[in-house]
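Trainee: I would like to go through this model with you, one question at a time.

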Amino acid sequence: MPHADQDHRFMAMAIKLAERGRGLVEPNPMVGCVLAREGQVAGEGWHRQFGGPHAEIAALAAAGNAAHGAEAFVSLEPCNYQGKTGPCTRALIEAGVARVVVGCQDPNPQVAGQGIAELRAAGIHVDEGVLAEQAAEVIAPFAKFITHGKPWVIAKWAMTWDGKLASRTGSSRWISGEASRAAVHKLRGQVDAVLVGRGTVENDDPLLTARPPGPRIATRVVLDTSASLSPTSKLAQSAKEIPVVVAAGESVSGSHKSRLESLGVEVLMLPGKSLADRMEALLDELGRRQMTNLLVEGGAHVLGTLFDMHAIDEVHVYLAAKLLGGKEAPSPIGGIGIPNMPDAIQFRFVKTDCLGEDIRLTGRVARE
(Lines give C-alpha, C1' and ligand atoms only; values in the text may rest on other atoms or scores of the structure.)
Protein backbone atom coordinates (compact mmCIF):
# COMPACT_ATOMS: atom_id res chain seq x y z
CA MET A 1 0.00 0.00 0.00
CA PRO A 2 1.43 3.45 -0.90
CA HIS A 3 2.62 5.50 2.07
CA ALA A 4 0.03 8.26 1.51
CA ASP A 5 -2.81 5.77 1.40
CA GLN A 6 -1.64 4.24 4.66
CA ASP A 7 -1.41 7.67 6.28
CA HIS A 8 -4.96 8.43 5.18
CA ARG A 9 -6.23 5.10 6.49
CA PHE A 10 -4.79 5.56 9.96
CA MET A 11 -5.78 9.24 10.16
CA ALA A 12 -9.35 8.33 9.20
CA MET A 13 -9.31 5.85 12.08
CA ALA A 14 -8.03 8.55 14.45
CA ILE A 15 -10.78 10.97 13.36
CA LYS A 16 -13.44 8.31 13.87
CA LEU A 17 -12.06 7.60 17.34
CA ALA A 18 -12.12 11.32 18.15
CA GLU A 19 -15.84 11.50 17.50
CA ARG A 20 -16.50 9.05 20.33
CA GLY A 21 -15.81 11.90 22.73
CA ARG A 22 -18.75 14.00 21.52
CA GLY A 23 -20.64 15.42 24.47
CA LEU A 24 -18.09 14.06 26.95
CA VAL A 25 -14.97 16.22 26.54
CA GLU A 26 -16.24 19.75 25.95
CA PRO A 27 -15.03 22.47 26.30
CA ASN A 28 -11.94 20.48 25.26
CA PRO A 29 -11.66 19.31 21.64
CA MET A 30 -12.42 15.78 20.49
CA VAL A 31 -9.15 14.03 19.61
CA GLY A 32 -8.23 10.54 18.44
CA CYS A 33 -4.85 8.83 18.14
CA VAL A 34 -3.63 5.63 16.45
CA LEU A 35 -0.15 4.15 16.95
CA ALA A 36 1.02 1.94 14.11
CA ARG A 37 4.02 -0.29 13.38
CA GLU A 38 4.70 -1.84 9.99
CA GLY A 39 1.21 -1.06 8.78
CA GLN A 40 -0.55 -2.57 11.80
CA VAL A 41 -2.32 -0.88 14.72
CA ALA A 42 -0.22 -1.08 17.88
CA GLY A 43 -2.51 1.01 20.09
CA GLU A 44 -5.36 3.47 19.86
CA GLY A 45 -7.08 5.96 22.10
CA TRP A 46 -9.30 8.99 22.24
CA HIS A 47 -10.06 11.77 24.69
CA ARG A 48 -12.85 10.12 26.69
CA GLN A 49 -13.84 12.81 29.17
CA PHE A 50 -13.02 16.33 30.24
CA GLY A 51 -10.08 16.32 32.64
CA GLY A 52 -9.14 12.75 31.69
CA PRO A 53 -6.14 11.46 29.72
CA HIS A 54 -5.71 12.86 26.24
CA ALA A 55 -5.91 10.65 23.16
CA GLU A 56 -2.14 10.28 22.82
CA ILE A 57 -1.74 9.17 26.43
CA ALA A 58 -4.49 6.56 26.02
CA ALA A 59 -2.95 5.25 22.80
CA LEU A 60 0.54 5.06 24.34
CA ALA A 61 -0.84 3.12 27.30
CA ALA A 62 -2.60 0.71 24.94
CA ALA A 63 0.56 0.18 22.87
CA GLY A 64 2.97 -0.26 25.78
CA ASN A 65 6.51 -1.06 24.64
CA ALA A 66 5.32 -1.26 21.03
CA ALA A 67 5.13 2.55 21.02
CA HIS A 68 8.92 2.77 20.71
CA GLY A 69 9.73 3.38 17.06
CA ALA A 70 6.04 3.54 16.10
CA GLU A 71 4.17 6.14 14.07
CA ALA A 72 1.52 8.19 15.84
CA PHE A 73 -1.49 9.44 13.88
CA VAL A 74 -3.20 12.23 15.81
CA SER A 75 -6.29 14.08 14.57
CA LEU A 76 -5.18 17.28 16.35
CA GLU A 77 -1.73 18.69 17.05
CA PRO A 78 -0.42 17.30 20.37
CA CYS A 79 -0.49 19.81 23.23
CA ASN A 80 2.78 21.06 24.70
CA TYR A 81 1.63 22.60 27.98
CA GLN A 82 0.63 21.47 31.44
CA GLY A 83 -3.13 21.64 31.90
CA LYS A 84 -5.34 19.19 33.75
CA THR A 85 -2.99 16.58 32.28
CA GLY A 86 0.65 16.71 31.25
CA PRO A 87 1.91 17.74 27.80
CA CYS A 88 1.33 15.07 25.15
CA THR A 89 4.42 16.15 23.24
CA ARG A 90 6.63 15.12 26.16
CA ALA A 91 4.86 11.75 26.46
CA LEU A 92 5.37 11.02 22.75
CA ILE A 93 9.04 11.98 22.95
CA GLU A 94 9.69 9.89 26.06
CA ALA A 95 7.93 6.90 24.51
CA GLY A 96 10.36 6.96 21.60
CA VAL A 97 7.80 7.51 18.85
CA ALA A 98 9.62 7.84 15.53
CA ARG A 99 7.07 9.77 13.50
CA VAL A 100 3.96 11.84 14.23
CA VAL A 101 1.28 12.52 11.62
CA VAL A 102 -1.04 15.42 12.46
CA GLY A 103 -4.48 16.05 11.01
CA CYS A 104 -4.74 19.77 11.80
CA GLN A 105 -3.01 22.34 13.96
CA ASP A 106 -4.49 23.30 17.31
CA PRO A 107 -6.22 26.73 17.12
CA ASN A 108 -5.59 27.24 20.85
CA PRO A 109 -3.01 30.06 21.11
CA GLN A 110 -1.26 28.06 23.84
CA VAL A 111 -0.36 25.48 21.19
CA ALA A 112 -0.81 26.82 17.62
CA GLY A 113 2.13 25.03 16.04
CA GLN A 114 4.32 24.93 19.14
CA GLY A 115 3.53 21.27 19.79
CA ILE A 116 4.71 20.33 16.31
CA ALA A 117 7.83 22.48 16.72
CA GLU A 118 8.70 20.74 20.00
CA LEU A 119 8.36 17.29 18.43
CA ARG A 120 10.62 18.28 15.52
CA ALA A 121 13.17 19.81 17.88
CA ALA A 122 13.34 16.42 19.62
CA GLY A 123 14.20 14.73 16.33
CA ILE A 124 10.77 13.28 15.59
CA HIS A 125 9.66 13.42 11.98
CA VAL A 126 6.31 15.26 11.76
CA ASP A 127 3.94 15.38 8.79
CA GLU A 128 1.03 17.82 8.88
CA GLY A 129 -2.25 18.25 7.08
CA VAL A 130 -3.28 14.63 6.49
CA LEU A 131 -7.08 14.71 6.07
CA ALA A 132 -6.82 18.25 7.41
CA GLU A 133 -10.30 19.35 6.39
CA GLN A 134 -11.99 16.35 8.02
CA ALA A 135 -9.86 16.74 11.16
CA ALA A 136 -10.68 20.45 11.37
CA GLU A 137 -14.40 19.75 11.07
CA VAL A 138 -14.27 17.49 14.13
CA ILE A 139 -12.93 20.35 16.27
CA ALA A 140 -14.91 23.17 14.60
CA PRO A 141 -17.03 23.92 17.71
CA PHE A 142 -13.89 24.02 19.86
CA ALA A 143 -12.12 26.23 17.32
CA LYS A 144 -14.97 28.75 17.36
CA PHE A 145 -15.11 28.70 21.16
CA ILE A 146 -11.36 29.10 21.67
CA THR A 147 -10.91 31.84 19.02
CA HIS A 148 -14.17 33.82 19.28
CA GLY A 149 -15.42 32.99 22.77
CA LYS A 150 -18.84 31.93 21.47
CA PRO A 151 -20.62 28.57 21.24
CA TRP A 152 -21.17 26.65 18.01
CA VAL A 153 -24.78 27.32 16.98
CA ILE A 154 -26.81 24.36 15.72
CA ALA A 155 -30.19 25.27 14.25
CA LYS A 156 -32.77 22.48 14.28
CA TRP A 157 -36.32 22.28 13.01
CA ALA A 158 -38.87 19.78 11.75
CA MET A 159 -41.03 20.69 8.76
CA THR A 160 -43.36 19.29 6.16
CA TRP A 161 -42.45 18.80 2.52
CA ASP A 162 -43.91 22.23 1.78
CA GLY A 163 -41.71 23.83 4.43
CA LYS A 164 -44.20 24.39 7.24
CA LEU A 165 -43.38 24.29 10.96
CA ALA A 166 -47.03 24.16 11.91
CA SER A 167 -50.48 24.62 10.45
CA ARG A 168 -52.08 28.06 10.10
CA THR A 169 -53.79 27.42 13.48
CA GLY A 170 -50.46 26.65 15.19
CA SER A 171 -50.92 22.88 15.36
CA SER A 172 -47.49 21.20 15.21
CA ARG A 173 -47.63 17.91 17.16
CA TRP A 174 -46.24 15.89 15.74
CA ILE A 175 -44.68 16.85 12.40
CA SER A 176 -41.84 14.37 12.67
CA GLY A 177 -41.98 10.71 13.69
CA GLU A 178 -40.66 8.86 16.71
CA ALA A 179 -37.25 8.10 15.16
CA SER A 180 -36.66 11.79 14.44
CA ARG A 181 -37.73 12.80 17.93
CA ALA A 182 -35.36 10.21 19.39
CA ALA A 183 -32.52 11.70 17.30
CA VAL A 184 -33.31 15.17 18.68
CA HIS A 185 -33.24 13.85 22.24
CA LYS A 186 -29.81 12.35 21.54
CA LEU A 187 -28.61 15.69 20.18
CA ARG A 188 -29.91 17.53 23.25
CA GLY A 189 -27.86 15.16 25.39
CA GLN A 190 -24.66 16.22 23.61
CA VAL A 191 -24.94 20.02 23.83
CA ASP A 192 -24.42 22.56 26.60
CA ALA A 193 -27.61 24.56 26.08
CA VAL A 194 -30.92 24.48 24.20
CA LEU A 195 -32.47 27.79 23.13
CA VAL A 196 -36.08 28.60 22.23
CA GLY A 197 -38.18 31.73 22.08
CA ARG A 198 -41.03 32.59 24.39
CA GLY A 199 -43.54 31.83 21.62
CA THR A 200 -42.38 28.23 21.38
CA VAL A 201 -42.86 27.83 25.13
CA GLU A 202 -46.35 29.35 25.00
CA ASN A 203 -47.42 27.18 22.06
CA ASP A 204 -45.81 23.84 22.97
CA ASP A 205 -44.89 24.01 26.68
CA PRO A 206 -41.76 21.89 26.03
CA LEU A 207 -39.51 20.35 28.65
CA LEU A 208 -36.43 20.49 26.36
CA THR A 209 -34.61 17.68 28.17
CA ALA A 210 -32.85 14.65 26.69
CA ARG A 211 -34.82 11.46 27.20
CA PRO A 212 -33.09 9.18 27.99
CA PRO A 213 -30.37 11.45 29.44
CA GLY A 214 -27.19 11.88 27.44
CA PRO A 215 -23.64 12.62 28.54
CA ARG A 216 -24.44 16.33 29.07
CA ILE A 217 -27.31 18.07 30.85
CA ALA A 218 -28.20 21.05 28.70
CA THR A 219 -29.23 24.34 30.24
CA ARG A 220 -32.64 25.35 28.87
CA VAL A 221 -32.57 28.97 27.65
CA VAL A 222 -35.67 31.00 26.79
CA LEU A 223 -35.34 34.24 24.87
CA ASP A 224 -37.98 36.27 26.67
CA THR A 225 -37.48 40.04 26.70
CA SER A 226 -39.98 40.78 29.47
CA ALA A 227 -39.28 37.64 31.54
CA SER A 228 -42.94 36.69 31.31
CA LEU A 229 -42.36 32.93 31.25
CA SER A 230 -45.35 31.29 32.89
CA PRO A 231 -44.55 29.97 36.37
CA THR A 232 -46.75 26.96 35.59
CA SER A 233 -44.77 26.02 32.46
CA LYS A 234 -42.84 22.75 32.44
CA LEU A 235 -39.60 24.71 32.20
CA ALA A 236 -40.30 26.83 35.27
CA GLN A 237 -41.64 23.89 37.24
CA SER A 238 -38.48 21.83 36.58
CA ALA A 239 -35.93 24.64 37.00
CA LYS A 240 -34.70 23.45 40.40
CA GLU A 241 -33.76 20.06 38.92
CA ILE A 242 -32.40 21.14 35.52
CA PRO A 243 -31.13 24.69 34.87
CA VAL A 244 -33.37 27.22 33.12
CA VAL A 245 -32.15 30.65 32.05
CA VAL A 246 -34.52 33.36 30.87
CA ALA A 247 -32.62 35.73 28.60
CA ALA A 248 -34.42 39.01 29.15
CA GLY A 249 -33.91 42.70 28.47
CA GLU A 250 -32.60 45.27 30.89
CA SER A 251 -36.00 46.74 31.78
CA VAL A 252 -37.55 43.61 33.28
CA SER A 253 -40.05 44.27 36.04
CA GLY A 254 -38.90 43.31 39.50
CA SER A 255 -42.03 41.23 40.13
CA HIS A 256 -41.47 39.11 37.01
CA LYS A 257 -37.84 38.57 37.91
CA SER A 258 -38.43 37.64 41.55
CA ARG A 259 -41.35 35.35 40.67
CA LEU A 260 -39.20 33.29 38.31
CA GLU A 261 -36.17 33.33 40.60
CA SER A 262 -38.29 31.91 43.42
CA LEU A 263 -38.85 28.86 41.20
CA GLY A 264 -35.12 28.43 40.53
CA VAL A 265 -35.08 30.17 37.14
CA GLU A 266 -32.07 32.38 36.45
CA VAL A 267 -33.11 35.69 34.88
CA LEU A 268 -30.28 37.04 32.76
CA MET A 269 -30.72 40.73 31.92
CA LEU A 270 -29.03 41.44 28.61
CA PRO A 271 -28.03 44.83 27.19
CA GLY A 272 -29.15 46.04 23.79
CA LYS A 273 -32.14 47.72 22.16
CA SER A 274 -32.74 45.07 19.50
CA LEU A 275 -33.20 41.32 19.70
CA ALA A 276 -30.00 40.91 17.68
CA ASP A 277 -28.05 42.99 20.21
CA ARG A 278 -29.36 40.90 23.09
CA MET A 279 -28.69 37.69 21.16
CA GLU A 280 -25.07 38.77 20.65
CA ALA A 281 -24.76 39.45 24.36
CA LEU A 282 -26.30 36.06 25.13
CA LEU A 283 -23.82 34.21 22.90
CA ASP A 284 -20.97 36.06 24.60
CA GLU A 285 -22.30 35.10 28.02
CA LEU A 286 -22.72 31.44 27.07
CA GLY A 287 -19.12 31.51 25.86
CA ARG A 288 -17.97 32.94 29.17
CA ARG A 289 -19.70 30.01 30.81
CA GLN A 290 -17.58 27.70 28.62
CA MET A 291 -20.54 26.41 26.65
CA THR A 292 -19.25 24.99 23.37
CA ASN A 293 -22.43 23.85 21.61
CA LEU A 294 -25.81 25.60 21.53
CA LEU A 295 -28.86 23.90 20.02
CA VAL A 296 -31.53 26.32 18.79
CA GLU A 297 -34.98 24.78 18.41
CA GLY A 298 -36.83 27.84 17.18
CA GLY A 299 -39.15 29.37 16.41
CA ALA A 300 -38.99 31.33 13.21
CA HIS A 301 -38.31 34.68 14.92
CA VAL A 302 -35.35 33.36 16.92
CA LEU A 303 -33.93 31.43 13.97
CA GLY A 304 -34.45 34.40 11.68
CA THR A 305 -32.56 36.70 14.05
CA LEU A 306 -29.61 34.31 14.20
CA PHE A 307 -29.75 33.84 10.42
CA ASP A 308 -29.61 37.58 9.77
CA MET A 309 -26.69 37.79 12.23
CA HIS A 310 -24.84 35.08 10.25
CA ALA A 311 -24.50 33.27 13.58
CA ILE A 312 -25.76 29.81 12.54
CA ASP A 313 -22.97 27.27 12.07
CA GLU A 314 -24.81 24.01 11.49
CA VAL A 315 -28.34 22.99 10.50
CA HIS A 316 -30.36 19.85 11.25
CA VAL A 317 -33.64 19.59 9.35
CA TYR A 318 -36.17 16.81 9.91
CA LEU A 319 -38.32 16.57 6.80
CA ALA A 320 -41.66 14.80 7.29
CA ALA A 321 -43.55 13.29 4.35
CA LYS A 322 -46.58 15.53 4.93
CA LEU A 323 -48.17 18.61 3.38
CA LEU A 324 -49.97 21.39 5.23
CA GLY A 325 -50.30 24.30 2.82
CA GLY A 326 -51.56 27.72 3.83
CA LYS A 327 -49.84 31.03 3.23
CA GLU A 328 -50.20 31.87 6.92
CA ALA A 329 -48.62 28.63 8.10
CA PRO A 330 -45.17 29.42 9.57
CA SER A 331 -41.91 28.55 7.84
CA PRO A 332 -38.65 27.83 9.72
CA ILE A 333 -36.68 31.05 9.34
CA GLY A 334 -38.08 34.53 9.70
CA GLY A 335 -36.06 37.71 9.82
CA ILE A 336 -35.11 39.90 6.87
CA GLY A 337 -33.50 37.14 4.83
CA ILE A 338 -31.22 37.34 1.81
CA PRO A 339 -32.48 39.37 -1.19
CA ASN A 340 -30.59 37.67 -4.02
CA MET A 341 -30.31 33.96 -4.83
CA PRO A 342 -26.56 34.10 -5.66
CA ASP A 343 -25.97 35.19 -2.07
CA ALA A 344 -27.95 32.32 -0.51
CA ILE A 345 -26.23 30.44 2.30
CA GLN A 346 -24.33 27.40 1.06
CA PHE A 347 -23.50 24.25 3.00
CA ARG A 348 -20.68 21.75 3.15
CA PHE A 349 -20.42 18.31 4.72
CA VAL A 350 -24.05 17.75 3.77
CA LYS A 351 -25.51 14.43 4.91
CA THR A 352 -28.87 12.82 4.25
CA ASP A 353 -30.31 9.85 6.11
CA CYS A 354 -33.69 8.27 6.71
CA LEU A 355 -35.29 8.12 10.15
CA GLY A 356 -38.43 6.06 9.81
CA GLU A 357 -40.54 7.88 7.22
CA ASP A 358 -38.66 11.14 7.79
CA ILE A 359 -35.54 12.44 6.08
CA ARG A 360 -32.84 14.13 8.14
CA LEU A 361 -30.68 16.73 6.40
CA THR A 362 -27.56 18.03 8.12
CA GLY A 363 -24.92 20.44 6.93
CA ARG A 364 -22.45 23.04 8.09
CA VAL A 365 -22.57 26.60 6.85
CA ALA A 366 -19.78 27.26 4.36
CA ARG A 367 -17.62 30.15 5.51
CA GLU A 368 -15.16 32.00 3.31
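Trainee: Which strands do the buried residues of α7 pack against?

Mentor: This is a predicted model, in which local features need pLDDT of at least 70, side-chain atom pairs count only at pLDDT 80 or more, and totals for chains, interfaces and linings use all residues. Residues are numbered from 1 along each chain as its sequence is written, and side-chain values use heavy atoms, with hydrogens and water left out. Helices (DSSP H or I, at least four residues) and strands (E, at least two) are runs numbered from the N terminus. In α7 (residues 178-188), the buried residues (under 20% relative accessible area, 1.4 Å probe, protein chains only; exposed is over 50%, partly exposed in between) are S180, A183, V184, H185, L187 and R188. Their packing partners, with contact meaning heavy atoms within 4.5 Å, are β6 (152-160), β7 (193-197), β11 (293-296), β12 (314-320), β13 (347-355) and β14 (358-365).

Trainee: Is L235 buried or exposed?

Mentor: L235 sits in helix α9 (residues 234-237). Leaving aside neighbours within four places in sequence, L235 contacts V201, P206, L207, L208, R220, V222 and V244. Its relative accessibility is 0%, so L235 counts as buried.

Trainee: Which element supplies the largest share of the largest nonpolar core?

Mentor: A nonpolar core is a set of buried Ala, Val, Leu, Ile, Met, Phe, Trp, Tyr and Cys residues joined through side-chain atoms within 4.5 Å. The largest has 39 residues, of which M11, L35 and V100 touch the most other members. At least two residues each come from several elements, including α1 (3-18), β1 (32-37) and β4 (99-104). The largest share, 6 residues, comes from α1.

Trainee: What is the orientation of α3 relative to α4?

Mentor: Two packed helices are described by the angle between their axes and the distance between the axes. Axes are lines fitted to C-alpha atoms, for helices over the stretch in contact, and angles run from 0 to 180 degrees between N-to-C directions. The axes of α3 (residues 88-95) and α4 (residues 114-121) come within 10 Å and cross at roughly 20 degrees. Angles under 35 degrees count as roughly parallel, over 145 as roughly antiparallel, 65 to 115 as roughly perpendicular and the rest as oblique, so α3 is roughly parallel to α4.

Trainee: Which residues of α4 make the contact with α3?

Mentor: On the α3 side, the contact involves T89, R90, L92 and I93. On the α4 side, the residues are G115, E118 and L119.
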